[in-house]
Amino acid sequence: MSDDVQVKAPESGVPSGSGGPGGHPGGGRPAGAPRPAGGPGGRGKFFRRKKVCKFCTEKIDAIPYRDVRLLQGFVAERGKIVPRRLTGVCTTHQRRLTRAIKQARNIALLPFAARH
């Protein structure tokens with residue numbers, strides 16, 4: 001038995017291993033194919049509801065820095081303040097929330113960073 005297997009080089013001008021459009025391995029869609037729905041401008045499977053400010057709906061004007069349980073919902077595991085686009089809080093309440101979180105950190109109610 002002889003192993004006379006010859007590997008043929010690709011005939012296109014694309015170097016091997018680059019995949020498809022954009023040079024990403026794994027191929028992708030052909031150059032002329034339409035984009036799948038769900039991207040920019042398309043209707044996808046999932047409908048994301050518009051986030052509504054929790055403080056506006058419950059008519060909370062002042063955000064107390066002593067309410068640690070409330071503030072912890074807006075602080076990530078690592079100790080970072082979660083951005084507005086993820087929580088759905090309005091601009092004015094995000095500013096008040098940030099101020100309350102920083103006050104709570106300064107009097108050691110909330111940690112500045114996560115523990116190792």
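## Two residues with positive phi

Let's start with Lys 59, which counts as exposed at 74% relative accessibility. In this predicted model, Lys 59 sits in the loop between helix 1 and helix 2. Its phi is near 55°, a positive value in a residue other than glycine.

Ala 108 is another one to look at: although not a glycine, Ala 108 has a positive phi of about 65°. You will find Ala 108 in the segment after helix 4 (91-106), and with 64% relative accessibility it counts as exposed.

## An aromatic pair

Searching the whole structure turns up one aromatic pair. The ring centres of Phe 55 and Phe 74 are 5.5 Å apart and the planes stand at 35°, so the pair is tilted. This contact links distant parts of the chain, 19 residues apart: Phe 55 belongs to helix 1 (residues 54-57), while Phe 74 is in the loop between helix 2 (68-72) and helix 3 (84-87).

Are these rings buried or exposed? Phe 55 is buried, with a relative accessible area of 0%, and Phe 74 is buried as well, at 8%.

## A charge over a ring

Now for Arg 66: this residue lies over the face of Tyr 65, at 5.1 Å from the ring centre.

## The largest pocket

The largest pocket has a volume of about 180 Å³. Its lining includes Gln 72, Val 75, Ala 76, Glu 77 and Gly 79, and among the other lining residues are Leu 110, Pro 111 and Arg 115. By character, the lining of this pocket divides into six nonpolar, two polar and two charged residues.

Notes:
Residues are numbered from 1 along each chain as its sequence is written. This is a predicted model: local features need pLDDT of at least 70, side-chain atom pairs count only at pLDDT 80 or more; totals for chains, interfaces and linings use all residues. Side-chain values use heavy atoms; hydrogens and water are left out. Rings of Phe, Tyr and Trp (its six-membered ring) pair if their centres lie within 6.5 Å; planes under 30 degrees apart count as stacked, over 60 as edge-to-face and the rest as tilted. Helices (H or I, at least four residues) and strands (E, at least two) are DSSP runs, numbered from the N terminus. Buried means under 20% relative accessible area, exposed over 50%, partly exposed in between (1.4 Å probe, protein chains only). A charge sits over a ring if NZ of Lys or CZ of Arg is within 6 Å of the ring centre and within 35 degrees of the ring normal. On a 1 Å grid over the protein atoms alone, a cavity is a set of points where a 1.4 Å probe fits but cannot get out, and a pocket is an open set with protein on both sides within 12 Å along at least five of seven lines; lining residues have an atom within 4 Å of a point. Grid points are joined across faces, edges and corners, and a volume is the space filled by probe spheres set on the points. Ala, Val, Leu, Ile, Met, Phe, Trp, Tyr, Cys and Pro count as nonpolar, Asp, Glu, Lys and Arg as charged, and the others, Gly among them, as polar.
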